[in-house]
Structure formats: structure tokens, C-alpha cells
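Visitor: Could you take one part of this model and look at it closely, residue by residue, and then carry the same careful reading over to other parts of the chain?

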Amino acid sequence: EDPEPGERRGFFGRVLGRDRKPVIRRELDDEMLESLEELLITADMGVDTALRVTANMAEGRLGKRLSVEEIKTLLADEIARIMEPVARPMPLYPQKPQVVLVVGVNGSGKTTTIGKLASQFRAAGKTVVIAAGDTFRAAAVEQLQVWGERAGVPVLTAPEGSDAASLVYDAMQRARTDQADLLMIDTAGRLQNRSDLMEELAKIVRVIRKHDESAPHNTLLVLDATTGQNALSQVDAFRKLSDVSGLVMTKLDGTAKGGVLVALADRFGLPIHAIGVGEQIDDLSPFDPEEFAKALAG
Ligand code: GDP
């Protein structure tokens, strides 16, 4: 059954039954490992990662009698070990403006994330300019304007259907004139039209590099955690289209299946800069591997 909203119940309620008395010990045997594996797969960890996690848990411990708490701790430690290397905030470099290109499929949370990040940078005393580079979706542009207002940040737009790269060119100039600390660029997310998207992103990057060869300084891929294993193929796809430098995982408030983050970390090792935990402007948090591991292990 589904956990109550807001309650992140881990796997152990189901593996070990409702009787979660910490004094009860269970043998760490193949059967137990298999149930664990299944549950990790159910939580979207993917087969390979689930197998690796349980194999590591079993190492030197097969046949041992462990309490529920000990098993939970083992699992959480294993998960944390995979997640720690990727838990890194977005790096900022000395160049001005810092160019942050934001990519991802439509609906993943790009616009929302840009608004939240802009607000955090503003709160840290930085000046920000946003470019509404998804010129094909009027709704995305409007939404970005709303976020810009909330965050107190100017949003540069272009007429619907116009060339995104020329908007980005203007935005680079504006950010320079304004001596802005950051320029955040929204992009189209039409993955179903890959060659167009690839061309568009390549053109945007060329335009950015005309101003600053070291830019974009960050290319953030925004992924919706509720899409489960799909997130893995999105990383594959966007890495072919752009130089993804880090991830933002959104909608972690809406899923008990955050296991896909472990699969992502295990497979790609890309830094997770932040996690989205709601629709409001403050609902963007740094990624805390230990807290995440504990929540996932239940
Ligand atoms: P875009 O198409 O990639 O720009 O996606 P949007 O930013 O428009 O987000 C799509 C939907 O997801 C909107 O309804 C957002 O409010 C919602 N959303 C974005 N991030 C989060 C998050 O972290 N948690 C939740 N619950 N919803 C989110």
C-alpha cells in the first residue's frame, strides 16, 4: 500500500513485516538479500545498482544474524557511500557573468528550478539575469516571468518562435552591461525532436562562447525523480546534446521511489547540485547523502 503523504516509509516495513521490533534478529541469507534486491528495484534503483548494493551488504556478513536496525543501517551506509561523491553544490567560478545553461525535457521542472535558484542567488547578494530561451513555449516564457518577479530578477524574452540563440546573444550582452553575477538560460526540452534540439543547443553554446570561451560554466540537467528509470535515458540523451556538468533532481517530495538517484550516481557519477522538494520558491535544497540514504532505507 502507498505510504501516507509526507511519510517516506522505507522498505523494511514490507521486507520484515509489520513487526519491526528491533530486538528480533534475522539471518542475512540469500532469501533476505533477494527480498531486499526486489524492494530496491521497486524503489527504482535499477537491477545493476540493486545487485551491487546487496552484494556489498552481504560481504563478510552472510549467515550472520542481524537486527532490523543493523540491516537498515547497513543499507543506509551502502547508499550513502554511493551518494557522497556526487553530493556537491553547483560550483561558481570567478568569471562574470557565470553562465548557467539549464536543459531537460519539458515538465521536468526547469522553469521552477531556475526561479528557485535565482531566488537563492539573490538572497546571497548576487545579481542575476534570466533568459527565457524556450522561445517555442509561450507558457514557459510566461511562467519564467512570474518566477522572475518573485525572485526579483529580470527575465529577457523574445517573440514566440524566434531564434533562441539570438536571444541568448542579447542576454549575454545585457548581463555584461549590467555586470550581473549570473546569467541563467532556460532552453527548449523537445527531446522528441532531437536533431533540432541538438542544433539549437549547439548554436546557443556557440553564441555564449563568442562572449566567453570558458562558458557555459555549468550545464544543469533537470530531472523529474518521479519518472523513475526514464531519468537514466534522459541523462544519456542530454549528454549527447550538451556537456551536462551537473544534475538537479526535482519532485523528490512526490515520490517514495528516490532510488533512481542511486542508479544515476552509480552509473554516471554526475554531481547532484540540488533537489526540488516542492513547488514553492524555497523548495530547493542541497543534496544531503546521509539524510537521503536514511530516508530511503526507512
Ligand atoms: P519545465 O517544463 O521543465 O520548465 O517544468 P516546470 O518548471 O514548468 O515544472 C513542471 C511542473 O512541475 C510544475 O507544475 C511545477 O510546479 C512542478 N514542479 C517543479 N519542481 C517541483 C518539485 O520539486 N516538487 C514538486 N512537487 N513539483 C515540482
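Guide: In this predicted model, helix 10, which runs over residues 259–268, has 8 of its 10 residues buried, so the rest of the structure largely encloses it. The buried residues of this helix are Gly259, Val260, Leu261, Val262, Ala263, Leu264, Ala265 and Phe268, where buried means a relative accessible area under 20%. Directly after helix 10 comes glycine 269, which takes a positive phi of about 65°.

Helix 11, residues 289–297, can be read in the same way, and here the buried residues are Pro289, Phe292, Ala293, Leu296 and Ala297. When the helix is viewed down its axis, these buried residues fall within an arc of 125°, so they line one face of helix 11. The general background is that an α-helix has 3.6 residues a turn, so residues three or four places apart point the same way. On the face of helix 11 turned away from the buried side sit Glu291 and Lys294, both of them exposed. The two ends of this helix can also be described: at its start, a side-chain oxygen of aspartate 288 reaches to within 3.0 Å of the backbone nitrogen of glutamate 290, while helix 11 is followed by glycine 298, with a positive phi near 75°.

From the helices one can turn to the second largest pocket, which holds about 380 Å³ of space. Its lining is made up of 21 residues, and those nearest the centre of the pocket are Gly107, Gly109, Thr112, Lys251 and Glu279. Helix 5 (110–123) and helix 6 (138–151) are the elements that give two or more residues to this lining. By residue class, the lining divides into 4 nonpolar, 10 polar and 7 charged residues.

The ligand, for its part, is surrounded by 18 residues, of which the closest are Gly107, Thr111, Thr112, Asp253 and Glu279. Particular contacts to its oxygen atoms can be named: a polar backbone atom of glycine 109 is 3.0 Å from an oxygen atom of the ligand, an N or O atom in the side chain of threonine 111 is 2.4 Å from a ligand oxygen, and a polar side-chain atom of arginine 137 lies 3.1 Å from a ligand oxygen.

Helix 6, already met in the pocket lining, also contains tryptophan 147. This residue has a relative accessibility of 4% and therefore counts as buried. Although tryptophan 147 and glycine 115 are 32 residues apart in sequence, their C-alpha atoms are 4.9 Å apart in space.

Two further residues extend the picture. Threonine 54 belongs to helix 3, residues 47–58, and with a relative accessibility of 2% this threonine counts as buried; the side chain of threonine 54 makes a polar contact of 3.3 Å with the side chain of glutamate 37. Serine 166, by contrast, is found in helix 7, residues 164–177, and at 37% relative accessibility serine 166 counts as partly exposed. The C-alpha atom of serine 166 is separated by 7.9 Å from that of valine 207, which is 41 residues away along the chain.

Definitions and conventions: Residues numbered from 1 in each chain as written. Predicted model: local features only at pLDDT ≥ 70, side-chain atom pairs only at ≥ 80, totals over all residues. Heavy atoms only, no water. 1 Å grid on protein atoms, 1.4 Å probe; cavity = no way out; pocket = protein on both sides within 12 Å on 5 of 7 lines; lining within 4 Å. Points joined across faces, edges and corners; volume = space filled by probe spheres on them. Helix = DSSP H or I, 4+ residues; strand = E, 2+ residues; numbered from the N terminus. Nonpolar A, V, L, I, M, F, W, Y, C, P; charged D, E, K, R; others polar. Buried < 20%, exposed > 50% of the residue type's maximum accessible area, 1.4 Å probe, protein only. Arc of directions from axis to C-beta. Polar contact = N/O pair within 3.5 Å; in protein donor to acceptor, adjacent residues only side chain to side chain. Near = heavy atom within 4 Å.
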